[in-house]
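Here is a colleague's note to read beside the structure. Please keep the viewer open and find each residue as you go.

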Amino acid sequence: MYNLSGEYEVKLDDKCRLRMPSSLMRMLSVHQVRSFVLNRGFEKCLILYPQDVWEEKTKEVNQLNPYNIKNREFARFFYRGATQVEPDASSRIVMPKTLLEHAGIESDVMLLAYNNQVEIWSREAYLRMIDQEPQDFASLAEEVFRHKDA
């Protein structure tokens with residue numbers, strides 16, 4: 001079970017490589033993670049999944065009925081852009097330009113690690129997103145966790 005956490009500010013280098021923060025790499029090394037899948041997120045961000053987490057996610061998607069048009073649409077959008085990546089010896093990941101364009105990432109990047117994945121945002125988009133914090137975070141928490149066991 002992964003227990004990733006943290007918010008990290010990084011920059012892409014001139015070769016579109018993202019250097020993973022050492023503290024995040026330490027968390028991942030506990031699970032001996034060396035291979036990832038990078039994909040589009042549901043919002044205008046990217047998500048980095050450890051390989052084993054990606055395999056579990058794809059099992060769910062692959063169980064959808066392919067004769068249902070909504071299921072096919074979801075699978076297409078889910079898999080669109082999925083790219084296998086491996087950090088080099090300096091913990092850098094080459095970021096595909098099409099995925100960077102999708103997320104509006106140019107240079108300044110924010111990483112948000114939680115649970116078993118890492119969201120990758122352009123710094124500007126991330127700051128806009130967190131600036132939209134709900135006025136009553138406690139009410140949102142109550143609503144989310146009330147339905148958790150339902």
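1. Start at the surface. Phe137, Leu140, Val144 and Phe145 make a nonpolar surface patch of about 410 Å². Keep in mind that this is a predicted model.

2. Take one of the patch members, Val144. Where is Val144 found? Look in helix H6, residues 137-146. Its relative accessibility is 46%, so Val144 counts as partly exposed. The cut-off for exposed is over 50%.

3. Now go inside. The largest nonpolar core has 36 residues. Which of them touch the most other members? They are Leu18, Leu24, Leu28, Leu48, Met95, Leu111 and Ile120. Strand E4, residues 46-50, gives the most to this core, with 4 residues.

4. Ile120 deserves a closer look. Set aside its neighbours within four places in sequence. Ile120 is then in contact with Leu18, Leu38, Cys45, Leu46 and Leu48. The list goes on with Met95, Ile105, Val109, Met110 and Leu111. Several of these names should be familiar: Leu18, Leu48, Met95 and Leu111 are among the core residues that touch the most other members.

5. Another core lies apart from the largest one. This other core has 5 residues, among them Cys45, Met110, Trp121 and Ala125.

6. Turn to the aromatic rings. The count comes to 6 aromatic pairs. Trp54 and Phe78 form a stacked pair. Their ring centres are 5.1 Å apart, with 5 degrees between the planes. Planes under 30 degrees apart count as stacked, so this pair qualifies.

7. What does the Trp54 and Phe78 pair tie together? Trp54 lies in helix H2 (residues 51-62), while Phe78 lies in helix H3 (residues 69-79). The pair therefore ties together parts that are 24 residues apart in sequence.

8. Are these two rings' residues buried or exposed? Trp54 has 8% relative accessibility, so Trp54 counts as buried. Phe78 has 10%, so Phe78 counts as buried too. Buried means under 20%.

9. Phe78 also pairs with Tyr79. Here the ring centres are 5.2 Å apart and the planes stand at 80 degrees, so the pair is edge-to-face. Tyr79 has 28% relative accessibility and therefore counts as partly exposed.

10. Finally, put the rings together. Tyr49, Trp54, Phe74, Phe78 and Tyr79 form one aromatic cluster. Please check each of these rings in the viewer.

Key. Residues are numbered from 1 along each chain as its sequence is written. This is a predicted model: local features need pLDDT of at least 70, side-chain atom pairs count only at pLDDT 80 or more; totals for chains, interfaces and linings use all residues. Side-chain values use heavy atoms; hydrogens and water are left out. A nonpolar core is a set of buried Ala, Val, Leu, Ile, Met, Phe, Trp, Tyr and Cys residues joined through side-chain atoms within 4.5 Å. Buried means under 20% relative accessible area, exposed over 50%, partly exposed in between (1.4 Å probe, protein chains only). Helices (H or I, at least four residues) and strands (E, at least two) are DSSP runs, numbered from the N terminus. Contact means heavy atoms within 4.5 Å. Rings of Phe, Tyr and Trp (its six-membered ring) pair if their centres lie within 6.5 Å; planes under 30 degrees apart count as stacked, over 60 as edge-to-face and the rest as tilted. Patches are made of residues with over 30% relative accessible area and no salt bridge: like charges are joined within 9 Å, nonpolar side chains (Val, Leu, Ile, Met, Phe, Trp, Tyr) within 5 Å. Accessible areas come from the Shrake-Rupley method with a 1.4 Å probe; for residues, only the protein chains shown count as cover. A salt bridge is a side-chain nitrogen of Lys or Arg within 4 Å of a carboxyl oxygen of Asp or Glu.
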